[in-house]
Amino acid sequence: MSKTIVIAGGGWAGCAAAVSARRQGMDVILLERTDMLLGTGLVGGIMRNNGRFTVTEELIAMGGGQLFQIIDANCRHHNVEFPGHAHASLYDIGKMPGAIGRYMTELGIQVQFQSRVVKANMEANRIRSVETGDGTVIPGDVFIDATGTAGPMNNCARYGNGCAMCILRCPSFGGRVSLTALAGVAEMQGRQKNGTLGAMSGSCKLYKESLAPPIRNAVEESGVAVIPIPKALWEDHLEIKACQQYALKEYRESLILLDTGHAKLMAPFFPLEKLRRIPGFEDARYEDPYAGGKGNSMRFFAMAPRDDTLQVLGVKNLFCAGEKAGLLVGHTEAIVTGTLAGLNSARQASGKKLRVLSRETAAGEAIAYTREAMKQKEGLCRKYTVSGSVLFERIQALGLYEVNQFKIHERVRNLGLSEIFS
Ligand SMILES: Cc1cc2nc3c(=O)[nH]c(=O)nc-3n(C[C@H](O)[C@H](O)[C@H](O)COP(=O)(O)OP(=O)(O)OC[C@H]3O[C@@H](n4cnc5c(N)ncnc54)[C@H](O)[C@@H]3O)c2cc1C
């Protein structure tokens, strides 16, 4: 009899988990709180920068790269350089949710929108079923928590600069609810160096139409525009950023714009009145968050304790992925953990031994190191991404960073990991 995997959350982690479990022959139900897939990925777009290139190719070599291939086919720019970041690609945020949604439907994944999980029905230390806000009960054999760590609004108000009206649209769909917490597990919280909880998302989107033509043309042609900010207008928000890979002085001294459809401004917020004093930005307007002049979404309030198979500790049939699996920033990181959680949910449902990814791969090292680092108090003040900061430094020091596709695929083959996700 076929088994059912139920996934809460349709961001990149939940989508990857759904694809991975479905490709193992499972019946898959994906419950998403809002009316769109991709979560914070709806306003993201940066892929393959720095160590993310290695991890992307590793996953493709392991047979789990379907979403990366769809992303590659829907990029506006490839092989872009911007301060601190090499060989990036920028996906089109307009096209991406549709492309992923169609692929998931073709695979036979049941996606249920406006289905916010609000209750877990337990039987000892197993989840028997989950309930959505309208009282629908969804039974399953194995569950995956991919609800992310952003918001809800009260966290943005308490620890940030208030609700900035971001893509998560909590007032319309209700805020994030953690399945791990509903199952009775105590979660971990990220901290800033000053001890306050959470971290602020690190980029906004501007309407390209609101920028002066030379700036708009520059960003559209090359994918990147770097515009120096007069010193009197510098904003000091490097410390509060969730994405520490962009906490470099260049991001304080310049406006760095990337073309993901809109103009992605690599700053957590920038006061509109100041922005409009910079030549070319006289008419600038925010597209996301609407109040990008004041703040941004707050994240990393709820991470699940887990092992390296991504099983949540304390609940027999619950796995986690994406930001839920640690202070992991990024779509690539969410897709990799989602793919592993999806595989292991299927393996558990079929009575097979669970897999960990070898630490001789950048992906495996990222999963294991993030878990270890979060055991330390100072580790909870950092963020982990293979595109920069501590984790990328570690991956380079261990000799795991590689940009030669042939060598990456060969390494995966030599480790006996080719096609493990197929
Ligand atoms: C503004 C911004 C820009 C970013 N830009 C980039 C970038 O360019 N490149 C990059 O690599 N990373 C970027 N990131 C980081 C990246 O988006 C995330 O780290 C990653 O995509 C997280 O994926 P996730 O699936 O774990 O969580 P999320 O994206 O938060 O998805 C969680 C999903 O779960 C849903 N959900 C929550 N609770 C429930 C519930 N109870 N029931 C059902 N559904 C629920 C939510 O609605 C959401 O769709 C950006 C983040 C932000 C906020």
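Start by selecting Glu419: it is partly exposed, with a relative accessible area of 46%. Partly exposed here is the band between buried (under 20% relative accessible area) and exposed (over 50%), using a 1.4 Å probe and protein chains only. Glu419 sits in the segment after α14 (405-414), and its phi is positive, near 60°, in a residue other than glycine. Helices such as α14 are DSSP runs of H or I with at least four residues, strands are runs of E with at least two, and both are numbered from the N terminus.

A word on what is on your screen. This is a predicted model, in which local features need pLDDT of at least 70 and side-chain atom pairs count only at pLDDT 80 or more, while totals for chains, interfaces and linings use all residues. Residues are numbered from 1 along each chain as its sequence is written, and side-chain values use heavy atoms, with hydrogens and water left out.

**Glu402**

Now pick Glu402, in the loop between α13 and α14. Glu402 counts as partly exposed, at 21% relative accessibility. Show its contacts (heavy atoms within 4.5 Å). Not counting residues up to four places away in sequence, Glu402 touches Phe53, Thr54, Lys407, Ile408 and Arg411. For a long view, draw a line to Tyr159: the two residues are 243 apart along the chain, and their C-alpha atoms are separated by 38 Å.

**Ser389 and the α12/α13 pair**

Go to Ser389, in helix α13. Here is another residue that is not a glycine but has a positive phi, about 60°. Ser389 counts as partly exposed, with 24% relative accessibility.

Keep α13 (residues 389-397) selected and add α12 (residues 362-373): they pack at an angle of about 130°, axes 11 Å apart. The axes are lines fitted to C-alpha atoms, for helices over the stretch in contact, and angles run from 0 to 180 degrees between N-to-C directions. α12 and α13 are therefore oblique to each other. On this scale, angles under 35 degrees are roughly parallel, over 145 roughly antiparallel, 65 to 115 roughly perpendicular, and the rest oblique. The crossing of α12 and α13 is right-handed; that is, the near helix is turned clockwise from the far one by less than a right angle, whereas anticlockwise would make a crossing left-handed.

Which residues of α12 and α13 meet? Show Ala362, Glu365, Ala366, Tyr369 and Thr370 on the α12 side, and Leu391, Arg394 and Ile395 on the α13 side. By class, this contact has five nonpolar, one polar and two charged residues. Nonpolar covers Ala, Val, Leu, Ile, Met, Phe, Trp, Tyr, Cys and Pro; charged covers Asp, Glu, Lys and Arg; the others, Gly among them, are polar.

**α2 against α11**

Next, select α2 (residues 51-61) and α11 (residues 331-349), whose axes come within 10 Å and cross at roughly 30°. That makes α2 roughly parallel to α11. The crossing of α2 with α11 is left-handed. Arg52, Val55, Thr56 and Leu59 in α2 meet Thr332, Glu333, Ile335, Val336 and Thr339 in α11. The residues of this contact split into four nonpolar, three polar and two charged.

**α1, α3 and Trp12**

Move on to α1 (residues 12-23) and α3 (residues 66-73): their axes come within 10 Å and cross at roughly 125°. That makes α1 oblique to α3. From α1, the contact uses Trp12, Cys15, Ala16, Val19 and Arg23, and from α3, Gln66, Leu67 and Ile71.

Stay on Trp12. Trp12 and Leu67 have the most contacts inside the largest nonpolar core, which has 98 residues. A nonpolar core is a set of buried Ala, Val, Leu, Ile, Met, Phe, Trp, Tyr and Cys residues joined through side-chain atoms within 4.5 Å. Leaving aside neighbours within four places in sequence, Trp12 is in contact with residues including Leu38, Tyr91, Met96, His331 and Ile335. A second, separate core has 20 residues, among them Cys204, Leu206, Leu211 and Leu275.

**Two cis bonds**

Where is Pro152 found? Look in the loop between β10 (142-145) and α5 (153-159). The peptide bond joining Gly151 and Pro152 is cis, with omega about -5°. The bond from Asp288 to Pro289 is also cis, omega near -20°, and Pro289 lies in the loop between β16 (286-288) and β17 (298-299).

**Last stop**

Finish at Glu123, in strand β7 (residues 117-123). Glu123 is partly exposed, with a relative accessible area of 47%. From Glu123 to Ala267 is 46 Å, C-alpha to C-alpha, with the two 144 residues apart in sequence.
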